[in-house]
Amino acid sequence: MRLDLLCVGEPLVELNQARPEEPWVLLGFGGDTSNCAVAAARLGLKVGYLTRIGADAFGDFLLALWRREGIDHAAVIRDPTAPTGAYFVRHGPEGHSFSYLRQGSAASRLGPEDLPEAYVRSTRILHASAISQAISTSACDAVFCAFELARAAGALISYDTNYRARLWPVPRARAIVREAASMADILLPGLEDMRALLDQDDPDAVVDRLLGWGPKIVALTLGAEGALIATRDRRVRLAPHPVQAVDATGAGDAFDGAFLAEYLRTGDPFAAGRFANAAAALATTGFGAVAPLPTRAQVEAFLRERDLEH
Ligand code: KDG
């Protein structure tokens, strides 16, 4: 089977609390690479996901999600001796914050030996993130190995620098992210990660550094400030869309999935950036990382409306 996109990483079950005094009831889904997979599948790509999950109810819950979204999960391994991870989202004046139950998770046991080689070679894009690599050294190795296999078969490599300080020390994160980013064709960093990993927060200076590492395309997300899309020859700054945002959880993953979907369709990183910037804005208008991920029709209708306003 030929995949458009294969994502590798850790999926999580999500408990989201809309307001501080309310219970944790919004049971949903997370895990940055699984969110990206769902975002891309809703936009029409043929997507596969590669991970380990527990032989538990949360694992069943994730399998049901991927089945519903049409994501191929034939290579997902069920581990009877380790749990599926979960995370909790809280919202306060500073935005959202996460707590995790993921240590020793099934996904953190992923290793290079779990990669089905022909499957990994069958994809047009292989996508992973710094979280996929931060969860354990074996998962880190699995990502590098998947990058090598897919690249040798002619796939594009996509990498999100998603940085989680609680998962690894800064010097290790810096070294691994630099190595992985230099293997990527499409680099999807966030400005906040770059503040921590490069001590740099000027978007143009960040993009200069990252392009120097080797990727052909850098799509830097700027949180509420939009995005900066760059190749060696051209840069385009995209303004944020004014929306009624309630939860920014997973907005970066929505951007990634939409960027990859539109880039595969058009071959144009700037058109992909424009599309992804709109998809990410829409993804903030509902609670949870996955529920508000838009369809192609929704993104296109939103962009038409925004064009009419100008
Ligand atoms: O981007 C959203 C993710 O961060 C969230 O779904 C949880 O994967 C997650 C993580 O490790 O923070």
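Strands here are DSSP runs of E with at least two residues, numbered from the N terminus. With that in hand, Thr 123 can be placed in strand E9, which covers residues 123-129. Everything that follows refers to a predicted model.

**Thr 123 and strand E9**

Let us stay with Thr 123 for a moment. Its relative accessible area is 1%, so Thr 123 counts as buried, the limit being under 20%. The side chain of Thr 123 reaches back to the protein backbone, 2.7 Å from the backbone oxygen of Ile 125. Once neighbours within four places in sequence are set aside, Thr 123 is in contact with Arg 2, Leu 3, Asp 4, Leu 5, Leu 6 and Ala 155.

**The chain as a whole**

Stepping back, the protein chain contains 11 helices and 14 strands. The C-alpha trace spans about 55 × 50 × 40 Å along its principal axes. The radius of gyration is 18 Å, which agrees with a compact globule, because a globule of 310 residues would have a value near 19 Å. Of the 310 residues, 59% count as buried. Among contacts with a separation of 6 or more, 71% come from residues 24 or more positions apart. The protein chain exposes about 12,600 Å², and carbon and sulfur atoms supply 52% of that area.

**Around the ligand**

Now to the ligand, which has 13 residues around it; Asp 32, Tyr 87, Tyr 100, Arg 164 and Asp 253 come nearest. By class, this shell is made up of five nonpolar, four polar and four charged residues. Helix H1 (32-42) and strand E8 (95-101) each supply at least two residues of the shell. Three polar atoms of the protein that lie close to oxygen atoms of the ligand are set out here.

| Residue | Protein atom | Distance to a ligand oxygen atom |
|---|---|---|
| Gly 31 | polar backbone atom | 2.9 Å |
| Arg 102 | polar side-chain atom | 2.9 Å |
| Asp 253 | polar side-chain atom | 2.7 Å |

Taken alone, the ligand exposes 310 Å², and the protein buries 97% of that.

**Helix H1**

Helix H1 deserves a second look. In H1, 10 of the 11 residues are buried, so this helix is largely enclosed by the rest of the structure. The buried residues of H1 include Asp 32, Thr 33, Ser 34, Asn 35 and Cys 36. Asp 32 thus appears twice in our tour: among the residues that come nearest to the ligand and among the buried residues of H1. Just after H1, Gly 44 takes a positive phi of about 105°.

**Two further residues**

Ser 158 is part of strand E10, residues 156-160. Its relative accessibility is 0%, so Ser 158 counts as buried. Beyond its neighbours within four places in sequence, Ser 158 is in contact with Ile 125, Leu 126, His 127, Ala 128, Phe 147, Ile 186, Leu 188 and Leu 260. Ile 125 is therefore a name to remember: its backbone oxygen is reached by the side chain of Thr 123, and Ile 125 is also in contact with Ser 158.Glu 148 sits in helix H5, residues 137-152. With a relative accessible area of 44%, Glu 148 is partly exposed. The C-alpha atoms of Glu 148 and Arg 121 are separated by 9.6 Å, and these two residues are 27 residues apart along the chain.

Note on methods:
Residues are numbered from 1 along each chain as its sequence is written. This is a predicted model: local features need pLDDT of at least 70, side-chain atom pairs count only at pLDDT 80 or more; totals for chains, interfaces and linings use all residues. Side-chain values use heavy atoms; hydrogens and water are left out. A residue is near a molecule or strand if one of its heavy atoms lies within 4 Å of it. A polar contact is a pair of N or O atoms within 3.5 Å; within protein, one must be able to donate a hydrogen and the other to accept it, and residues adjacent in sequence count only if both atoms are side-chain atoms. Accessible areas come from the Shrake-Rupley method with a 1.4 Å probe; for residues, only the protein chains shown count as cover. Helices (H or I, at least four residues) and strands (E, at least two) are DSSP runs, numbered from the N terminus. Ala, Val, Leu, Ile, Met, Phe, Trp, Tyr, Cys and Pro count as nonpolar, Asp, Glu, Lys and Arg as charged, and the others, Gly among them, as polar. The radius of gyration is taken over C-alpha atoms; the globule rule is 2.2 Å times the number of residues to the power 0.38. Buried means under 20% relative accessible area, exposed over 50%, partly exposed in between (1.4 Å probe, protein chains only). Contact means heavy atoms within 4.5 Å.
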